[in-house]
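Q: Please take a close look at one side chain and its charged partner. Then go on from there to other pairs of the kind and to the contacts between chains.

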Amino acid sequence: MPAPGAPRTFDVAVIGGGMIGPAVSLGLLERGLRVCILDEGDDVLRVARGNFGLIWFQGKGFGMPRYVEWTRRSAMLYADFAAELKDSTGVDIGHARPGGLELLLGEDELAHRQHYLGQIYQQGGGANYEVEFIDRKQVADMLPNVTLGEDVIGASYSPLDGHVNPLFLLRAMHTRFQQAGGTYLPHHRVSGVRKDGDAYTLDTEGGSVSAPKVVIAAGHGLKTLGPPLGLDIPIRPQRGHIMVTERAQPMLPMPISAFRQTVEGSIMLGVSAEEAGYDDTIDTATLHTIAARAKRTMPQLGNLNIVRTWAALRVLTPDKCPVYAESDSHPGIFGIASHSGVTLAAANAKVTAGWIAGDPPPPEFEAFTVERFHDAPA
Amino acid sequence: MMHRRNTAGERVTINIDGKNVEAVVGESVAAAVLAAGAGATRTTPVSGAPRAPYCMMGVCFECLMDIDGIPNRQACMVSVTPGMKIKRQAGARTVGGAS
Amino acid sequence: MSEQACDVVVIGAGPAGMRAAVTAANEGLSVTLIDEQTEAGGQIYRAVARVARTRPADLTLLGPEYAAGGDIVLELDAADITVLHGHTVWQISQDGTVWCSDGTKAKSITARFVIMASGAQERPVPVPGWTLPGVMTAGAAQILLKSAAMVPDGPVALYGSGPLLLLVADQLLSAGADIRVVAETTTFKDYLNAAPHLLGALPASKYLKKGIALRRHLKAAGVPIIKAPNGVSIEGTERATGLRIIGKHGQTFEAETILLQQGVVPNTQASWQLRLDHAWHAAQHYWYPTTDRFGATSLANVFIAGDGAGIFGAEAAAAAGALAGLGVAHAAGNISAAARDQKALPFIALHKKAAAIRPLLDHLFPPPAHILVPDDATIICRCEEITAGQVRDAAKLGAPGPNQLKAFLRAGMGPCQGRMCGLSVVEIMARAHGKSPAEIGAYRIRPPLKPLSLAELAAMDDDTPTP
């Protein structure tokens with residue numbers, strides 16, 4: 001028994017109970033490490049609760065082929081990851097990879113999308129890029145229960161796209177984490193991290209915790225926790241809105257970047273992007289814009305009732321690509337920043353955890369440095 | 001399940017699951033349906049359990065019915081109108097054809 | 001955008017909202033009153049004008065307190081107020097913009113001040129079998145009687161506690177219903193806890209006398225009034241067939257209609273959405289937004305009148321409405337503080353008198369433990385069919401409060417948006433974590449306050465309504 005008031009000790013302390021922290025923690029537990037997750041209270045800025053649930057490949061990684069590879073790797077690992085979670089916890093996270101569509105309304109959108117995806121392909125140096133364009137007829141064949149709005153002229157399609165129930169994913173990861181012997185500590189907001197001999201001591205509102213390795217997967221919390229520890233990562237919030245309808249009979253056999261039908265039958269509608277600082281209140285004009293576009297794309301959605309709306313704050317880096325970095329000045333402190341916590345959960349559990357445990361970093365991580373934001377010419 | 005002790009007021013004919021019944025102007029659809037016969041007004045999309053109006057004031061959302069072709073309307077919040085077509089719902093609603 | 005502007009938007013046309021709107025209009029403010037129902041009166045005075053017009057004899061059955069609501073409706077009709085019936089408010093922003101919809105097209109109204117008079121709802125009563133057809137709230141049966149002159153067929157059983165329980169039993173009895181039993185949860189200990197508040201209730205002794213008369217009348221008609229301190233369960237598979245009293249000598253009463261009542265609680269969806277300051281009512285176990293005597297809240301431009309700010313009943317609500325109207329008139333600069341206070345005197349006195357009974361009622365009729373923290377197998381979230389046991393399991397998994405719980409279980413994510421399970425979730429989690437409900441907190445409420453169709457939202461900027 002530790003002396004009263006002495007910090008509890010772990011091999012790895014993970015800051016953040018959202019999508020990234022628990023995924024990494026599961027991999028660490030598999031390697032026999034003692035892990036705790038330090039989380040905040042009930043009603044805080046929670047990006048992970050505002051997730052759309054897409055495991056999305058097409059369009060990711062503009063300007064960074066390594067991010068395309070990392071996304072592909074996670075998409076390919078997902079089926080096994082989901083099966084493991086279901087076997088161990090009984091929670092079906094609703095994973096499916098039926099391919100995904102981004103529907104294009106009008107010639108301008110098509111041209112813009114062709115240009116954008118074409119550049120990603122070229123940046124990859126001619127490597128295989130699993131995205132193609134399909135016409136309205138092909139879209140209609142893929143969506144037999146949908147009557148497309150007249151403006152829909154086609155779509156970009158990737159067989160690697162899929163989806164998951166993000167809330168069940170969160171629950172499954174938390175359940176598995178505790179089953180496997182992890183220590184979940186809510187109401188443990190970290191106020192500071194200090195070097196203490198061979199380990200770091202983390203001071204929190206709920207007492208202190210000590211570990212030789214610390215993973216900061218704290219979303220926007222990285223902004224304040226990182227710099228004193230040599231991880232000055234210029235992340236910013238970008239607000240996104242989501243609307244959720246009542247449950248309906250199955251209608252969408254595959255995710256579409258702005259619509260997704262959940263296993264339960266709700267249709268999720270999104271996704272906006274606004275610069276609003278840390279204001280996560282709902283903006284009605286944005287809801288209207290999402291609704292109007294949804295009705296233009298699939299008029300039959302019109303009489304579905306909206307039951308819930310959400311605004312959540314994405315964790316965005318300047319190039320919209322992730323950061324996976326170990327501090328130079330504070331070895332053993334790892335920082336992770338990404339707005340694709342759902343898509344990357346499988347890779348984080350299976351690969352990122354190994355890197356934190358001491359394996360060599362996967363090749364993709366050479367691109368996910370902090371230095372890229374500080375070395376770039378002004 | 002319910003009966004009218006007094007039918008003062010203007011009558012209208014409405015249709016519930018294909019059957020014409022009389023209702024009184026001012027009544028909610030949920031009230032008219034309760035007076036027209038016992039039993040569930042819908043089954044749930046989660047387990048298929050039978051449900052019927054619970055609060056009658058727009059809070060519980062148990063009285064969701066298909067009213068004039070639009071599913072999942074709160075029957076306790078909609079007043080009867082002549083010729084209205086009301087249907088019980090089974091499970092999750094459909095998303096009809098293009099409007 | 002099809003936007004309108006006015007000095008004051010009042011939400012809800014019950015006693016508080018009607019009186020607030022009339023008072024503000026009389027002080028020279030432009031007022032828009034938005035109400036979800038198709039006729040004024042709220043739940044307490046539901047359909048009162050129509051009943052007086054089409055079946056005046058029913059006013060006797062429903063009682064003089066109900067009939068008195070007709071006067072406020074007449075005042076409302078006479079005042080210069082824009083009344084939007086059949087409009088559902090689905091968002092209120094902190095700057096005083098109110099979004100509503102008539103079912104075809106959403107629109108916004110900007111107001112310098114908002115008076116919320118959204119009233120109360122009956123406390124959900126999670127007992128085994130409460131989701132079966134044939135089970136409804138006592139208030140629902142009363143709404144059917146008021147708005148449609150309807151009476152349950154077949155045997156009826158009532159369960160719970162509080163003034164409305166006996167009132168509804170008595171009204172239904174007089175209307176010809178076959179009442180088999182009234183099962184009360186009130187215990188001897190509740191009487192002891194309430195006793196110190198008896199003296200304070202004397203100014204409102206008419207309510208006490210009425211309660212005694214109701215009990216006597218029911219007993220004289222042969223209706224058994226029995227004790228059910230350990231709760232009940234409802235029998236039946238496809239629909240309710242009986243009410244079983246839990247306990248050593250538990251009997252089962254045949255019933256096709258089972259009416260539940262455990263008091264009423266403020267409707268706090270909009271006040272939470274606005275992120276107003278709230279407090280927890282320890283005796284009655286509900287949240288209420290904190291207000292001053294004029295209904296002013298933690299937001300300068302938002303006032304609350306009536307039971308939405310704490311349960312005091314219809315007469316107190318009407319007085320609170322007048323006070324909120326005066327409070328807004330002063331805040332808007334139309335009357336001085338001295339004039340406001342002068343005009344407020346009679347309403348403060350009325351409110352005080354009507355509210356005097358509350359401490360007694362609050363302690364005499366507390367929601368019992370088996371309702372606050374039901375057995376594991378009892379459904380608490382009717383929409384998503386989540387049981388109390390599942391909530392406890394999620395708390396064990398580490399969910400610190402209702403919002404993470406919602407993410408884990410989908411409780412509160414169905415069409416009722418947490419109205420039915422919100423209080424149960426708070427109580428169960430508080431008990432599981434050994435904390436007070438105030439420490440646990442409430443569901444974070446976001447728009448829409450009530451579901452609205454995608455087409456209504458999509459049509460918001462259009463000038464043509466969608467079919």
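A: Asp11(A) is partly exposed in this predicted model, with a relative accessible area of 23%. Arg34(A) is also partly exposed, at 44%. The two side chains form a salt bridge, and the closest N and O atoms are 3.3 Å apart. In sequence the partners are 23 residues apart, and the pair links distant parts of the chain. Asp11(A) sits in the loop between strand E1 (8-9) and strand E2 (12-15) of chain A, while Arg34(A) sits in the loop between helix H1 (20-30) and strand E3 (35-38) of chain A. As a general point, side chains of opposite charge can pair when their charged atoms come close.

The structure holds 47 salt bridges over all chains. Another one in chain A joins Glu130(A) and Arg72(A), at 3.0 Å from N to O. Glu130(A) belongs to the loop between helix H3 (107-123) and strand E6 (132-135) of chain A, and Arg72(A) to helix H2 (residues 65-89) of chain A, so this pair ties together parts that are 58 residues apart in sequence.

Chain C has a salt bridge between Lys343(C) and Glu27(C), whose closest N and O atoms are 2.7 Å apart. Because Lys343(C) lies in helix H12 (residues 337-355) of chain C and Glu27(C) in the loop between helix H1 (15-26) and strand E2 (31-34) of chain C, the pair ties together parts that are 316 residues apart in sequence. With a relative accessible area of 17%, Glu27(C) is buried, whereas Lys343(C) counts as partly exposed at 37%. Elsewhere, salt bridges that share partners join Arg247(A), Glu264(A), Glu384(C) and Arg410(C) into one network.

Glu264(A) from that network is also one of the residues that Asn165(A) touches; the others, not counting residues up to four places away in sequence, are Ile93(A), Gly94(A) and Arg260(A). Asn165(A) is placed in the loop between strand E8 (162-163) and helix H5 (166-179) of chain A. Its relative accessibility is 6%, so Asn165(A) counts as buried. A polar atom of the Asn165(A) side chain lies 3.0 Å from the backbone nitrogen of Phe168(A).

On a wider scale, chain A is divided into domain 1 (8-54 + 167-234 + 319-374), domain 2 (100-158) and domain 3 (236-316). Between domain 1 and domain 2 of chain A, the C-alpha centres lie 35 Å apart.

The contacts between chains can be taken in turn. Between chain B and chain A, 14 residues of chain B are in contact with 12 residues of chain A. These two chains bury about 1100 Å² between them, with 54% of it on carbon and sulfur atoms. The rule finds 1 salt bridge across this interface: Glu246(A) pairs with Arg93(B), with the closest N and O atoms 2.5 Å apart. There are also 6 residue pairs in polar contact between chain B and chain A, both residues at pLDDT 80 or more. On the side of chain B that touches chain A, strand E7 (residues 70-74) of chain B gives the largest share, 3 residues. By class, that side has 8 nonpolar, 5 polar and 1 charged residues.

Between chain C and chain B, the contact takes 50 residues from chain C and 39 residues from chain B. About 3600 Å² is buried between these chains, 59% of it on carbon and sulfur atoms. Met150(C), Arg382(C) and Glu385(C) lose the most area to chain B in chain C, together 16% of what that side buries. The count here is 2 salt bridges; in one of them Arg5(B) pairs with Asp58(C), the closest N and O atoms being 2.8 Å apart. The rule also finds 16 residue pairs in polar contact across this interface, both residues at pLDDT 80 or more. Elements that give two or more residues to the side of chain C that touches chain B include helix H3 (58-62), helix H6 (138-148) and strand E9 (150-152) of chain C. H6(C) gives the most to that side, with 6 residues. The residues of that side divide into 25 nonpolar, 11 polar and 14 charged.

Key: Residues numbered from 1 in each chain as written. Chains lettered and ligands numbered in written order. Predicted model: local features only at pLDDT ≥ 70, side-chain atom pairs only at ≥ 80, totals over all residues. Heavy atoms only, no water. Contact = heavy atoms within 4.5 Å. Buried area = accessible area lost by both parts, 1.4 Å probe. Salt bridge = Lys/Arg side-chain N within 4 Å of Asp/Glu carboxyl O. Polar contact = N/O pair within 3.5 Å; in protein donor to acceptor, adjacent residues only side chain to side chain. Helix = DSSP H or I, 4+ residues; strand = E, 2+ residues; numbered from the N terminus. Nonpolar A, V, L, I, M, F, W, Y, C, P; charged D, E, K, R; others polar. Domains from an automatic or database assignment. Buried < 20%, exposed > 50% of the residue type's maximum accessible area, 1.4 Å probe, protein only.
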